Amino acid sequence: MTTDYSDLLGAYLIGALDNDEQQPAKKHVAENSPLVRAVISNWTRILMALPCSLEPAAPPAGLKKRLLDAIRDEASQASLQHEHAEAPVTGKSAAENTRDVQIWKNWKRPAGPVDFFLQRGSEGEWETTAVPGVEVKKLFVDQKRSYATMLVRMAAGTAYPGHRHAGFEECYVLQGDLHVGDNVLHAGDYQRAEGGSIHGVQKTVHGCQLFIVSSLEDELL
């Protein structure tokens with residue numbers, strides 16, 4: 001049985017056949033039968049009428065470098081977030097890791113009674129955590145109830161590891177974006193998590209600043 005390659009002649013003329021089809025089609029063309037000549041003539045007329053060149057266009061200058069840079073940046077970002085999520089600190093016990101990541105567990109309430117407390121925006125110290133790019137500022141700590149009130153600042157591309165809530169947690173986004181599961185929170189958005197609930201890895205693309213009230217007994221996963 002002889003295969004009719006007439007329908008493939010257009011693909012042959014522009015070099016679009018694979019290796020298995022290329023040689024039989026070439027032989028079919030070499031036969032130079034009236035039918036083949038007519039088909040080639042029709043395809044040639046069609047291809048010549050196309051408003052584009054069959055020659056491959058040269059890519060824009062610098063395109064390869066931009067693509068490679070973007071791939072490297074994405075791979076680096078994914079690696080960074082994986083490290084933050086899986087192992088924020090190495091070479092230490094779980095308790096030490098937790099204290100280094102959740103440094104508010106080390107905070108103490110100021111001695112003596114305070115009827116009213118005021119802290120200006122320019123006051124207070126941003127403290128670094130064991131998760132690179134994540135900083136916190138103490139607003140208040142209530143050791144009797146085992147709760148801390150704080151500001152959290154996350155740099156662009158950072159992620160905070162998953163954790164289990166020992167009590168409720170309130171989060172209000174002041175600036176930027178916060179990705180929590182399938183939800184993306186922006187400035188003005190509020191989220192409350194109940195005790196016993198689990199937060200997976202939370203990350204930010206462009207960076208964010210958060211107002212958080214959280215239990216001092218939360219457990220890193």
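So, Y147: with a relative accessibility of 11%, this tyrosine counts as buried. Keep in mind that we're looking at a predicted model. Y147 sits in strand 3, and what I like about it is its partner, F168, 21 residues away in the loop between strand 5 (163-164) and strand 6 (169-180).

How many aromatic pairs do we get here? Just one by the rule I used. That's Y147 with F168, and the pair is stacked, with the centres 4.6 Å apart and 25° between the planes. The pair links distant parts of the chain. Now, is F168 buried like its partner, or partly exposed? Its relative accessibility is 21%, and the cut-off for buried is under 20%, so F168 goes down as partly exposed.

Okay, next door in sequence. S146 is in the loop between strand 2 (134-142) and strand 3 (147-154). Have a look at the backbone there: phi is near 65°, so to speak on the positive side, in a residue that isn't glycine. S146 is buried too, because its relative accessibility is 14%. And what does its side chain do? It makes a polar contact with the side chain of E217, at 3.1 Å. If you skip residues up to four places away in sequence, S146 touches S214, S215, L216 and E217.

That list takes us to S214, which is in strand 11 (residues 208-215). S214 is buried, with a relative accessible area of 3%. Its side chain has a polar contact of its own, 2.9 Å to the side chain of D218. And which residues does S214 contact once you leave aside neighbours within four places in sequence? S146, Y147, A148, M150, F168 and E169. So both members of our aromatic pair are on that list, Y147 and F168.

Let me stay with strand 11 and move to the core. The largest nonpolar core has 23 residues, and the ones touching the most other members are W104, M150, V152, M154, L178 and L210. Which elements give two or more residues to this core? Strand 2, strand 3, strand 6 and strand 11. As a general point, in soluble globular proteins nonpolar side chains tend to be buried together.

Take L210 as an example. Not counting residues up to four places away in sequence, L210 touches M150, L151, V152, M154, C171, Y172, V173, L174 and L178.

One more on the side-chain front: R153 lies over the face of W126, 4.0 Å from the ring centre.

Now a quick stop in helix 3 (residues 34-49), where you'll find V39. V39 is buried, at 14% relative accessible area. Its C-alpha is 10.0 Å from that of V29, and those two are ten residues apart along the chain.

Zooming out, then. The chain has five helices and twelve strands. Of its 221 residues, 32% are buried. The accessible surface is about 14,200 Å², with 55% of that belonging to carbon and sulfur atoms. And on contacts: among those between residues at least 6 apart in sequence, 67% join residues at least 24 apart.

If you open the model afterwards, start at S214 and find Y147 and F168 among its contacts. Then go over to S146 and pick out the side-chain contact with E217.

Note on methods. Residues are numbered from 1 along each chain as its sequence is written. This is a predicted model: local features need pLDDT of at least 70, side-chain atom pairs count only at pLDDT 80 or more; totals for chains, interfaces and linings use all residues. Side-chain values use heavy atoms; hydrogens and water are left out. Helices (H or I, at least four residues) and strands (E, at least two) are DSSP runs, numbered from the N terminus. Buried means under 20% relative accessible area, exposed over 50%, partly exposed in between (1.4 Å probe, protein chains only). Rings of Phe, Tyr and Trp (its six-membered ring) pair if their centres lie within 6.5 Å; planes under 30 degrees apart count as stacked, over 60 as edge-to-face and the rest as tilted. A charge sits over a ring if NZ of Lys or CZ of Arg is within 6 Å of the ring centre and within 35 degrees of the ring normal. A polar contact is a pair of N or O atoms within 3.5 Å; within protein, one must be able to donate a hydrogen and the other to accept it, and residues adjacent in sequence count only if both atoms are side-chain atoms. Contact means heavy atoms within 4.5 Å. Accessible areas come from the Shrake-Rupley method with a 1.4 Å probe; for residues, only the protein chains shown count as cover. A nonpolar core is a set of buried Ala, Val, Leu, Ile, Met, Phe, Trp, Tyr and Cys residues joined through side-chain atoms within 4.5 Å.
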